[in-house]
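This report concerns a predicted model. Please consider the sequence and the structure together.

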Amino acid sequence: MPLDNNNRVFKSVGTSPLRPDGLDKVTGRARFGADATASGMLWGRIVRSPHAHARIRSIDTSKAEALPGVKAVVTRADFATGLDGDIGDILENVMASEKALYQGHAVAAVAATSPSIARKAAKLIVVDYEVLPHVTDVDEAMKPDAPVLNEKIFTEGLAEKPTKPSNVVKRIEIGHGDVEKGFAAADVIIEHSFRTEATHQGYIEPHACLASAGPDGQGELWCCTQGHFMVRDTCAQLLGMDVSKLRVTASEIGGGFGGKTTVFIEPTALALSRKANRPVKIVMPREEVFVASGPTASSSIDIKIGATKDGRITAADAVLRYQGGAFPGSPVEMGAMTAFACYELEHVRCIGFEVVTNRPKAAAYRAPGAPMSAFAVESVIAELAEKLNIDPIELRLKNAVKEGSRSSYGPVFGPIGLIETLEAAKAHPHYSAPLGPNQGRGVASGFWFNFGGQTCTSLNVNIDGTVTLSVGTPDIGGSRASMCLMAAEELGIPYESVRTIIADTSSLGYNDVTDGSRVTFASGLATIAAARNAIKVLCERAAKMWGIPADAVIWEEGYAKPAGANAGEFEPLSLADIAKVAGNTGGPIAGHHEVNIETAGPSFATHIVDAEVDPETGRTQITRYTVVQDAGKAVHRAYVEGQFQGGAVQGIGWVLNECYIYGEDGVLQNAGFLDYRIPVASDLPMIDTVIVEVPNPGHPYGVRGVGETSIVPPLAAVANAVSAAAGVRLTELPMSPPRILVALEER
Amino acid sequence: MKQMTVSTTINGDVVEFLCEPDETLLDVLRNRLNLTGSKEGCGTGDCGACSVTLDGRLVCSCLVLGAEVNGREIGTIEGVADGDTLHPLQSKFLEHAALQCGICTPGILVAAKSLLERNPDPTETEVRYWLAGNLCRCTGYDKIIRAVLDTAAEMRGA
Ligand code: FES
Ligand code: FES
């Protein structure tokens with residue numbers, strides 16, 4: 001659907017009404033993953049490998065089975081066989097077969113009548129392991145003599161097919177032009193290596209589900225997920241069930257950020273339930289969330305950028321090495337595609353290596369792959385600005401992509417808002433405010449593709465003139481409110497007259513996962529189209545009521561009106577007027593829309609950060625933060641700001657503190673919120689926001705996704721601020737106090 | 001294990017329950033009394049999602065044993081609104097969009113209410129330090145802090 005037009009005046013869209021699910025959430029009534037119960041319910045518990053890498057010689061479940069209260073024990077034998085490729089990897093991750101590939105890898109599970117019996121039973125399962133050498137570091141894992149995780153991995157994408165298996169899954173290369181030629185034309189070349197550590201999405205709600213499956217092959221599942229249709233399809237395959245026989249309901253979801261876009265415990269709960277023929281609930285303890293659900297990749301990156309004296313970039317080159325944990329699927333490709341996406345480059349190249357290690361399988365985390373490569377690139381850009389003595393925003397403006405630019409990853413950009421964010425940042429009072437002692441200011445820009453995908457919505461007009469909208473994308477941060485706003489806008493009725501529900505998998509066609517910043521864009525687009533289809537029916541019914549042809553009726557601001565010379569004179573009919581008599585004019589009135597949206601609407605952001613480094617302790621305090629981002633069109637302004645602020649703060653945590661720390665034994669040392677410390681309220685200043693609106697031509701209202709772009713610039717923006725404050729360039733994350741102290745000493 | 005009988009007051013109502021000696025108050029509230037408004041984010045006292053008041057003191061219910069609360073008074077999120085009248089904090093949280101996913105919200109509301117009862121006129125820094133034990137991964141805290149400060153101002157005016 002093309003953009004309506006740039007000058008449309010909106011009534012509902014762009015306001016910030018109270019969210020429809022708000023009351024439930026402030027009173028404790030909302031039901032999240034762990035809040036459901038069923039009669040006769042059992043408690044499931046998963047047994048996990050204590051070793052980073054070990055062959056499973058045997059599993060003895062007899063003692064656990066003999067414990068009173070234990071109703072079922074499952075191992076890999078209780079799942080489908082013959083799966084390979086991605087789905088085979090998912091199954092292997094859900095329940096190990098021959099080898100445990102990381103500490104925390106599931107090897108068996110029990111279901112019992114109480115949580116404490118389940119815990120005891122889990123301890124009674126005896127696994128005989130042959131411990132193998134392991135590797136958790138990305139650079140170590142690439143060495144020729146590193147312990148190999150999977151004998152079947154032969155690096156793809158090399159000129160010559162390797163003869164030996166290794167931990168390098170593939171090599172990719174993107175770009176255009178001739179970087180050597182570009183560097184030859186440069187007056188200045190800057191080259192640096194960077195390292196980032198894995199971070200966890202850190203959603204406050206641990207994974208939880210309630211499964212009920214019977215020997216008749218039917219099942220129901222209640223779970224916290226970003227995509228219940230994905231859960232249904234995946235679980236059905238892992239358990240050898242018919243997709244139609246598994247009904248999945250998405251609970252309220254207590255955060256995900258990409259980490260709830262796959263299955264971990266759901267298939268196991270179903271397997272236990274099927275075996276016990278009773279409902280089974282599994283809730284991951286927080287420690288298991290850290291060791292056995294997906295963090296993001298750690299990375300090792302080399303960047304080389306050349307420019308002329310006046311600040312024009314002549315060539316850009318990157319080598320990215322990302323580990324994705326124990327299975328293929330690291331986001332290195334997206335890291336490579338986003339690395340230089342902000343810049344118009346004639347000569348650009350990104351080489352990426354995807355590496356497996358003895359760590360939990362990486363999952364998506366907000367703009368997967370992009371924050372790390374942006375950290376490296378934007379750090380070099382900052383240094384280039386210093387060296388050339390050009391204002392860092394000016395330098396970016398000089399090289400920024402705009403409509404018509406060929407992106408570093410290939411396609412030509414349509415209307416985009418990078419320049420607008422840079423101009424707005426430059427004009428913001430923050431950018432010219434004075435700095436105090438030991439303070440530094442950093443800026444950085446960032447890009448994310450955003451995503452469309454398979455989407456299906458259904459809009460039903462009720463007898464009293466209200467509307468019920470069914471969408472299939474879980475509401476993770478207020479999207480119900482956006483859907484209500486768009487439906488109300490299109491139909492011309494009050495926001496309060498629309499109720500949006502998240503339909504279960506048996507009530508609506510397939511919907512892709514809530515990811516890729518796609519929901520407000522794609523489910524929104526489908527909602528608008530469904531509303532337009534309902535309007536068509538409403539006009540037909542009005543025509544019938546008036547006895548005139550359907551094409552002589554138009555819809556304006558919530559009313560059917562006769563249009564054209566021969567339509568006659570009739571009082572306009574409201575949606576409620578038409579709905580009231582729907583039974584006499586042809587029956588229920590509804591609008592549907594099903595689509596696979598191939599376009600998206602990329603979004604850019606520029607962040608400004610002030611940081612103060614304490615020279616005595618090496619501690620960093622963020623003193624001021626401003627996010628400027630293009631939303632295309634902000635549907636619910638307050639929740640758009642919230643996405644900006646949340647992404648920025650996750651980024652701050654990533655730069656300053658958060659990281660996975662492994663011991664020599666390959667065991668995670670900080671699997672809890674005490675030692676894996678995400679930012680708390682007292683660590684932060686207020687986060688200022690500026691919403692830029694460059695309409696996306698691929699959406700009728702101009703909406704772009706906003707959720708992910710907000711975490712792309714902060715790593716670099718904070719790093720640039722800290723480096724400026726410390727007077728030394730820091731290239732390794734996290735920039736924790738000990739690391740900063742060392743840098744200060746070496747300065 | 002032998003179960004124990006515990007008699008308490010929860011949100012003003014007399015409540016008796018049976019629990020095992022090693023069961024936490026959070027487990028009792030959620031699994032035995034069906035008061036699922038208090039959430040478990042960590043189970044180790046690090047996230048604040050399970051915040052309740054015990055004889056007026058703010059505690060992590062995951063660190064209190066069910067057996068310990070015999071004869072004591074507990075306040076949970078379910079008791080923050082007065083019938084169909086929301087507490088001003090609840091209204092302000094909605095108005096300021098101070099929740100995204102909402103999982104941290106019950107704990108943060110219980111903690112913020114307890115702050116305002118002690119200190120009706122907190123500074124921004126005081127609010128930030130008081131709420132430092134309540135993790136929120138979605139909002140960046142900005143709108144939460146604004147909502148608490150705005151509530152405090154309104155309640156002082158009223
Ligand atoms: S669950 Fe009690 S503090 Fe996290
Ligand atoms: S709103 Fe999601 S954790 Fe706070």
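The following paragraphs treat a sheet of chain A, an annotated span of chain A, and then chain B.

**A sheet in chain A**

Chain A contains an open sheet of five strands, arranged in the order S7-S15-S14-S13-S8 and with mixed pairing. Its edges are formed by strand S7 (168-176) and strand S8 (188-196), each of which pairs on one side only. On average, and with direction ignored, neighbouring strands of this sheet are turned by 10° against each other. Helix H10 (residues 332-339) of chain A packs on the sheet and touches S7, strand S14 (313-323) and strand S15 (348-355) of chain A. The direction of H10 makes about 20° with that of S7(A).

In general, the strands of a sheet pair through backbone hydrogen bonds, in either a parallel or an antiparallel sense. At one edge of the sheet in chain A, S8(A) pairs with strand S13 (residues 299-307) in the antiparallel sense, over nine bridges. Within this pair, Ile190(A) has Ile305(A) in S13(A) as its bridge partner.

**An annotated span in chain A**

An unreviewed UniProt entry assigns the annotation "domain: Aldehyde oxidase/xanthine dehydrogenase a/b hammerhead" to residues 27-133 of chain A. In the model, this span is 23% helix and 32% strand, and its end C-alpha atoms lie 51 Å apart.

**Chain B**

The secondary structure of chain B consists of five helices and five strands, which follow the pattern β-β-α-β-β-β-α-α-α-α along the sequence. Chain B has a radius of gyration of 16 Å, close to the 15 Å that the globule rule gives for 158 residues, so it is as compact as a globular protein of that length. Further overall values for this chain are collected below.

| Property of chain B | Value |
|---|---|
| Span of the C-alpha trace along its principal axes | about 50 × 30 × 25 Å |
| Buried share of the 158 residues | 55% |
| Exposed area | about 6,200 Å² |
| Share of the exposed area supplied by carbon and sulfur atoms | 48% |

Among the contacts in chain B with a separation of 6 or more, 54% are accounted for by residues 24 or more positions apart.

A local feature of chain B is the hairpin formed by S3(B) and S4(B), with two residues between them. Strand S3 (residues 51-54) and strand S4 (residues 57-60) of chain B pair in the antiparallel sense over four bridges. Leu54(B) has Arg57(B) in S4(B) as its bridge partner. In the turn, Asp55(B) has a positive phi of about 50°.

Note on methods
Residues numbered from 1 in each chain as written. Chains lettered and ligands numbered in written order. Predicted model: local features only at pLDDT ≥ 70, side-chain atom pairs only at ≥ 80, totals over all residues. Heavy atoms only, no water. Pairing = 2+ DSSP bridges. Axes fitted to C-alpha atoms, helices over the stretch in contact; angles between N-to-C directions. Contact = heavy atoms within 4.5 Å. UniProt positions renumbered as here; feature names shortened; annotations may be inferred. Rg over C-alpha atoms; globule rule 2.2 N^0.38 Å. Buried < 20%, exposed > 50% of the residue type's maximum accessible area, 1.4 Å probe, protein only. Areas by Shrake-Rupley, 256 points an atom, 1.4 Å probe, with all protein chains shown as cover.
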